[in-house]
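Grab a coffee and open the viewer: here are a few exercises to work through, each with its solution. Try each task on your own before reading on.

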Amino acid sequence: MYLYHMFIENDSDPSISPQRVLKEGLNQKTATKWYSNSFNLFPDLTNRFRPANSPKWIDFKVAFRADLEVFENPYYRFPVFSDKILVFNRDISSDLFAYKEDIYDGGKGRFVEGLPSKEDLMKNYWASINTLEEFLKNKPFNNPELYIFEQVPAQLIDYIE
C-alpha cells in the first residue's frame, strides 16, 4: 500500500524541492506547505483537549500530511513504513478552518453559522483519531486526514511528475 504527498511548487520557499526530498527524505520541513495542519489552527485548543493517554510521539511540530489517493501530479509516493501514522476526520477540520475564515472575514459569522463551538469541534477531532490500520479496517468516516509523525526515508520515495 502506498501513501501520497502532493508537491506544489512554492517559489517563496526554495527548501521545498523534489531534489531535496529525494536526497533527505520527506518531513515537516520538506513537505509541501499547502497542506494545512488542523492542529496549528488553534494550538491552545489542540493542547487543552489532547487526550491524556495519547502517545508522546504525537508531536505536531514534526507532523505532515499525506493522502490515501493521488489528487494530481506531481506527487511523492511511498509505502506505508511506520505505525506513527494517524488518521483524523477531515470534515471536522474543515469546520475548524471555517472559524479561521470567519476571523479573516471580520467575525461576521457567515462561515460558522450552525457549527458547533471550536471547543466541541476540537474534542470531536481528537475523538476521531485512528491508527491507519484501524481506519482502513473500519472506515469510521469518509474524509480521512492523515498525519505522519516521523520522516519518510528518502530511499522509499518516488517522485511522479
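**Exercise 1. Decide whether N89 is buried, partly exposed or exposed, and find its surroundings.**

Solution. Keep in mind that this is a predicted model.
- Step 1: N89 has a relative accessibility of 12%. The cut-off for buried is under 20%, so N89 counts as buried.
- Step 2: now place N89 in the fold. N89 belongs to strand 4, residues 85-89.
- Step 3: look for contacts, leaving out residues up to four places away in sequence. That gives Y125, S128, F141 and N143 as the residues N89 touches.

**Exercise 2. Work out how strand 4 is covered on its two faces.**

Solution.
- Step 1: sort the residues by side. I85, V87 and N89 are on one side, while L86 and F88 are on the other.
- Step 2: check burial. These residues are all buried, and both faces of strand 4 are covered.
- Step 3: draw the conclusion. Because 5 of the 5 residues of strand 4 are buried, the strand is largely enclosed by the rest of the structure.

**Exercise 3. Give the strand order of the open sheet and trace its pairings.**

Solution.
- Step 1: the open sheet has 4 strands in the order 2-6-4-5, paired antiparallel. Strand 2 and strand 5 (130-131) are the edges, each pairing on one side only.
- Step 2: go across the sheet. Strand 2 is joined to strand 6 by 3 bridges, with R65 opposite Y147 of strand 6.
- Step 3: strand 6 is also joined to strand 4, antiparallel, by 5 bridges. Here Y147 turns up again, as the bridge partner of L86.
- Step 4: finish with strand 4 and strand 5, an antiparallel pair over 2 bridges. In this pair V87 stands opposite N130.

**Exercise 4. Find how many salt bridges there are, and describe three of them.**

Solution.
- Step 1: the count is 5 salt bridges. As background, side chains of opposite charge can pair when their charged atoms come close.
- Step 2: take R65 and E145, whose side chains meet at 3.6 Å, N to O. This pair links distant parts of the chain, with R65 in strand 2 (residues 64-66) and E145 in strand 6 (residues 144-148), 80 residues apart. R65 is buried, at 8% relative accessible area, and E145 is buried too, at 1%.
- Step 3: move to R77 and D158, where the closest N and O atoms are 2.9 Å apart. R77 lies in strand 3 (residues 75-79) and D158 in strand 7 (residues 158-160), so this salt bridge ties together parts 81 residues apart in sequence. R77 is partly exposed at 24%, and so is D158 at 30%.
- Step 4: compare that with K123 and D120, which form a salt bridge at 4.0 Å, N to O. Both lie in helix 5 (residues 118-127), 3 residues apart, about one turn of the helix. K123 is partly exposed at 42%, as is D120 at 37%.

**Exercise 5. Identify the residues with the most contacts inside the largest nonpolar core, and the elements that build it.**

Solution.
- Step 1: this core has 20 residues, and F60, F88, M122, W126 and F149 have the most contacts inside it.
- Step 2: the elements giving two or more residues to the core are helix 3 (43-49), strand 4, helix 4 (90-104) and helix 5.
- Step 3: don't stop there. A second, separate core has 19 residues, including F7, Y76, V87 and I148.

Notes
Residues are numbered from 1 along each chain as its sequence is written. This is a predicted model: local features need pLDDT of at least 70, side-chain atom pairs count only at pLDDT 80 or more; totals for chains, interfaces and linings use all residues. Side-chain values use heavy atoms; hydrogens and water are left out. Buried means under 20% relative accessible area, exposed over 50%, partly exposed in between (1.4 Å probe, protein chains only). Contact means heavy atoms within 4.5 Å. A nonpolar core is a set of buried Ala, Val, Leu, Ile, Met, Phe, Trp, Tyr and Cys residues joined through side-chain atoms within 4.5 Å. Two strands pair if DSSP finds at least two bridges between them.
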